[in-house]
Amino acid sequence: MTAPTAARALLEDLVDEFLRDYPRGARLLAVASPSADRSAAFAGGLAAALRARGVTVSVAAADDRDEARLRAEIVTPFRAAGGDAVEIVSGSTALLAERTHGLWHFSVWLIDGDEVPHTAATALVDVTDPEAPTRRLADYCAVPPSFLS
């Protein structure tokens, strides 16, 4: 099944930005939200958009791994393999925690409704309407202090 036009356009825009900033090498991209299922579905769409551009892509679910397990089980083996590929890691808020957000070249935080944006994400995407997701720009001056980490 293909993504609706609005969703496809947003995925293409994210892929354009990602490939512009990280055109080659072993690149790590995180997709996170309060819902691991939501993150996994969006990661699948991003993977399809990257593959359509001829990029070698693999997708892994973080499954609430802590920093040490993320490094040992996903990041280190991917980097050791080298090459020109993208690893998309989907999961929950732990992917953008203080000790893990630096693992990723690019990160996407998915917002549904009035959820608060995560300040460590490269891109914020509102998926309240999954058929018409939109990129959201956040005014971090208005974000409660408890969300600034």
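Begin by selecting Ser92 and Asp64, whose side chains are joined by a polar contact of 2.9 Å in what is a predicted model. Keeping Ser92 selected, place it in the chain: this residue belongs to the loop that runs between β3 (85–91) and β4 (106–111). Ser92 counts as buried because its relative accessible area is 15%, which falls under the 20% cut-off. If you now display its surroundings and set aside the neighbours within four places in sequence, the residues in contact with Ser92 are Ala32, Ser33 and Asp64.

From the loop, move to the sheet and colour its strands in the order β2-β3-β1-β4-β5-β6, which traces an open sheet of six strands with mixed pairing. At the edges you will find β2 (56–61) and β6 (134–136), each of which has a single partner strand, so that one side of each has no neighbour in the sheet. Looking from one strand to the next, you can follow a twist that averages 25 degrees.

Next, select β1 (residues 26–32) together with β4, which pair in the parallel sense over four bridges. Within this pair, pick Leu29 and then Phe106, its bridge partner in β4.

Finally, bring in the helices. Helix α2 (residues 36–51) packs on the sheet, where it touches β1, β2, β3, β4 and β5, and its direction makes about 165 degrees with that of β3. Helix α1 (residues 5–21), by contrast, should be viewed against β6, to which it runs at about 50 degrees, while lying across β1, β3, β4, β5 (123–126) and β6.

Note on methods:
Residues are numbered from 1 along each chain as its sequence is written. This is a predicted model: local features need pLDDT of at least 70, side-chain atom pairs count only at pLDDT 80 or more; totals for chains, interfaces and linings use all residues. Side-chain values use heavy atoms; hydrogens and water are left out. Helices (H or I, at least four residues) and strands (E, at least two) are DSSP runs, numbered from the N terminus. Buried means under 20% relative accessible area, exposed over 50%, partly exposed in between (1.4 Å probe, protein chains only). A polar contact is a pair of N or O atoms within 3.5 Å; within protein, one must be able to donate a hydrogen and the other to accept it, and residues adjacent in sequence count only if both atoms are side-chain atoms. Contact means heavy atoms within 4.5 Å. Two strands pair if DSSP finds at least two bridges between them. Axes are lines fitted to C-alpha atoms, for helices over the stretch in contact, and angles run from 0 to 180 degrees between N-to-C directions.
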